[in-house]
Amino acid sequence: MSDRPEPKRIQALTPLVASQIAAGEVVERPSSVVKELVENSIDAGSTRITLEIEQGGIELIRVTDDGSGIDPADLPLAIAPHATSKVTSAEDLDRIATLGFRGEALASISSVSRLSIRTRTRTQSAATLLECEADVAQPARPSSGPEGTSISVRNLFFNTPARRKFLKSVPTEQERCVDVMRAVALAHPAIGFKVVCDSRVSFEMPADQSPKERVLSMLGKELAPQMLEASADQFDDARGVTLWGMVGLPAIARGTNKSQFIFINGRPVRDRTIQHAVLEAYRGLIEPGRFPTIVLMIDMSPSGVDVNVHPAKAEVRFRDSGLVHSVVYHAIKRTLQAADLTPSISFTPTNRPLDRDMAQLPGSGLAPPPPMNPAQVASFFERNNVINTQGARPGFDVDQVRQALATSAAQQGSSEPTALPTIVPTTKILQIHKSYIVTQDDQGIVIIDQHALHERVMFEYLLERVLRGPLQSQHLLTPAVVPASARQLELLPELQELFARLGIEAEPIGPFSLGVRSFPAFLFERRVEPIEFLTAIFEKAENAQFISNLKSGGEEAMRDVLDMMSCKAAVKAGDRMTDVELAELLALRESVERSSNCPHGRPTSVRITIRDLEKLFHRA
Ligand code: ADP
Ligand code: MG
C-alpha cells in the first residue's frame with residue numbers, strides 16, 4: 001500500500017516571514033506596540049515621554065523620549081532580531097532589572113509596519129534617522145533633532161492584511177493604548193507623561209511626582225478621602241518582598257476590575273495569586289462580583305520572580321507565591337482593619353438621592369483596630385435576654401463568647417488607644433420602624449441596619465467559636481423529621497464532618513426523611529427550626545462547589561454555613577428591640593472586627609457627619 005504521502009521538503013523561512021511570525025506573539029495590536037516602545041524609553045532613563053497616536057494607533061504611533069538615545073553605530077542592530085543592550089549572558093536572565101530583555105520588539109514591529117527612528121545621544125552633535133519598511137532598512141542618515149529618541153510606527157500590519165482584520169474599532173484600539181499608558185504612568189511617578197490621541201491631549205502627568213501623588217492624579221483627586229495607604233515594610237516575615245499601595249474603601253468597589261493596578265518590580269501584571277489575596281483581604285467587605293479599587297506596587301529581588309513566561313510579559317511566575325500571597329493579604333487586611341469603614345452619606349447642595357458611590361469617608365485614622373473592652377462584652381451577656389426578641393433564652397454562651405472575642409482581639413495584637421470613632425456610651429438609642437437603630441458617635445449620626453449588624457456580630461462569634469471545637473449541641477427529646485430526597489440522603493456521608501462540627505446529629509429514618517437528634521444549641525435558642533435549617537444545608541450541598549469545598553478542608557463551606565446560620569438567627573427587620581438589647585448590640589459592634597459590613601459585604605451602618613448636617617442646614 002503506498003498511498004502514503006511524499007514527505008514535504010523543509011526549508012528555512014525568509015527572515016521577513018520569521019520576524020512576522022515572531023511578531024505575532026509580541027505585536028498583537030497597537031497597544032502592544034505602545035507598550036514596547038514606552039518600556040524602551042523607560043529603560044533608556046527618560047524623564048519625559050510623549051505618546052502620540054492617530055486612528056487608534058493604526059495609522060501612527062509615535063513615542064518621543066529624552067533618554068540616552070542610541071549610538072548611530074548600533075542603530076541597525078536596534079531593529080535586528082535578538083539584538084539587545086540589556087542582557088548579555090544566560091545568567092542575566094535570572095536577574096532582569098530592565099523592562100525589555102529579548103531584543104525582539106523593534107525587529108518584530110519593523111517587520112509589520114513602516115518604522116522610523118530618530119535618535120541622538122548626549123555626545124552626538126546631530127541626530128540620526130533610520131527608516132525601515134517591512135524589514136528593509138534605508139541607510140541611516142544625519143538629521144536634526146533633540147537628544148533622546150523618537151520612534152514612529154506607521155500603517156501597522158499594512159503587509160499582513162489578515163492580522164489587520166483582527167483589529168477592533170478605532171475607539172477601542174485607542175482606549176487600549178491609553179490603558180497601557182495609564183498603567184505605565186502609575187508605575188513610574190518620577191517620569192512625566194503626555195498622551196495625545198488625534199491631536200487631543202488625553203492625559204498629562206508632570207515629572208517628579210511622589211507615588212501617592214501619581215496614584216491620586218491618575219485615579220482622580222476626588223477619590224483621595226476614599227483611598228488608604230498600605231505598606232508592608234513593617235511586616236515581620238516579608239523576606240525581601242516589599243509592598244506599597246493605595247487601597248480603596250469598600251464603598252468605591254466597582255463592577256469591573258478596571259481599577260485594579262498591580263505591579264511587580266514596576267511591571268504591570270495579571271496574577272491570580274495576587275488577585276486572590278486581594279479579594280481575601282476584602283472578604284466580607286464587598287459584595288460578590290465587585291472589585292476593589294486598588295494600586296499595588298510589589299517589589300522583590302529580580303531572582304524571586306521569572307518575568308520571561310509570557311510573550312507580552314503580562315504574567316510572571318514567583319519563586320515563592322505563598323509568600324507573595326501572604327504579604328499582599330496582610331498588608332491590605334491590616335490597612336482595612338485599622339480604618340473606619342462606616343460610609344458617610346454626603347449631601348450636595350442640590351440634595352441628590354443617596355447613592356452608594358456618593359458614600360464618603362472623613363479622614364480615616366490609620367490606628368490599629370479598637371481593642372475589645374471586656375466590660376462591654378460582659379455586660380452584654382450578663383443579662384439573660386440578649387437581643388432576644390422572641391422570648392427565647394439567650395443565644396450565646398457567655399464564657400465562650402468572651403473567650404472567643406478575647407482571642408480575636410489578642411490576634412489583632414494591640415492594646416493601644418484607638419483613633420477610630422466609637423459610639424458615645426451614654427447616648428440615647430432609637431429604634432426606627434423596628435428596623436434601624438439610630439444613635440451618635442463622635443463624628444455624627446450613625447444609622448444601623450439591625451439585622452445586618454446582628455448578623456455580622458453572630459457570624460464573627462461563630463467563626464471564632466467553631467475554630468476551637470464543635471459547637472454546643474442541644475439534644476432533642478423527639479427527633480425532628482426533615483423531608484429529604486434520595487439524592488440528598490446520598491450526600492449525607494459527605495456532610496457528617498460538617499454536622500459534627502456544628503453539633504448536629506442526624507441519620508436517615510426512612511427513604512425520604514432524615515431524623516435530627518441534636519441541633520446547635522445556639523440555633524435552638526434563637527428558635528431556628530431544624531427543618532428549615534437542614535433543608536437549607538441540603539440545598540447548599542446539592543451545589544457541587546459546596547461539596548468540593550468540604551472535601552478540600554471545608555473552610556469555605558463552613559463560612560458559607562455560618563453565614564446562613566447567622567442570617568437565620570439574627571433579629572429581623574420588624575423585630576422590636578428593648579433599650580437594653582439595643583445598647584448591648586451597639587456595645588458588641590465596637591468589639592467585632594469588620595462590623596461595618598454584614599457577612600455578605602453589605603454595609604451595616606452609615607453615618608451623617610456633623611459637617612454634612614451643617615451643609616444641609618446652610619450653616620457651613
Ligand atoms: P529590548 O528592549 O528587549 O532590548 P528592543 O527590540 O525593544 O529590545 O530594543 C532593542 C534595543 O534598542 C534596546 O536594547 C536598546 O538598546 C535600543 N533602544 C530601543 N528603544 C530605545 C530608546 N527609546 N532609547 C534608547 N535605546 C533604545
Ligand atoms: Mg524593548
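1. In this predicted model, G601 touches G284, L285, I286 and E287, leaving aside residues up to four places away in sequence. The contact with L285 deserves attention: G601 and L285 are 316 residues apart in sequence, yet their C-alpha atoms are 4.3 Å apart in space.

2. The setting of G601 should be noted next. G601 belongs to the loop between α19 (579-591) and β23 (605-609). Is G601 buried or exposed? Its relative accessible area is 4%, and G601 is therefore classed as buried, the limit being under 20%.

3. The surroundings of ligand 1 form a second topic. There are 20 residues around ligand 1, and N40, T84, S85, K86 and G103 come nearest. By type, the residues of this shell divide into 7 nonpolar, 9 polar and 4 charged. Two helices, α2 (30-43) and α4 (105-111), each supply at least two residues of the shell.

4. Individual polar atoms of ligand 1 may then be examined. A nitrogen atom of ligand 1 is 2.9 Å from an N or O atom in the side chain of D65. An oxygen atom of ligand 1 is 2.5 Å from an N or O atom in the side chain of T84, a residue also listed among those that come nearest to the ligand. With F101 the partner is a polar backbone atom, which is 3.0 Å from an oxygen atom of ligand 1.

5. How much of the accessible area of ligand 1 does the protein cover? On its own, ligand 1 has 540 Å² of accessible area, and the protein covers 92% of it.

Methods: Residues are numbered from 1 along each chain as its sequence is written. Chains are lettered from A and ligands numbered from 1 in the order in which they are written. This is a predicted model: local features need pLDDT of at least 70, side-chain atom pairs count only at pLDDT 80 or more; totals for chains, interfaces and linings use all residues. Side-chain values use heavy atoms; hydrogens and water are left out. Helices (H or I, at least four residues) and strands (E, at least two) are DSSP runs, numbered from the N terminus. Buried means under 20% relative accessible area, exposed over 50%, partly exposed in between (1.4 Å probe, protein chains only). Contact means heavy atoms within 4.5 Å. A residue is near a molecule or strand if one of its heavy atoms lies within 4 Å of it. A polar contact is a pair of N or O atoms within 3.5 Å; within protein, one must be able to donate a hydrogen and the other to accept it, and residues adjacent in sequence count only if both atoms are side-chain atoms. Accessible areas come from the Shrake-Rupley method with a 1.4 Å probe; for residues, only the protein chains shown count as cover. Ala, Val, Leu, Ile, Met, Phe, Trp, Tyr, Cys and Pro count as nonpolar, Asp, Glu, Lys and Arg as charged, and the others, Gly among them, as polar.
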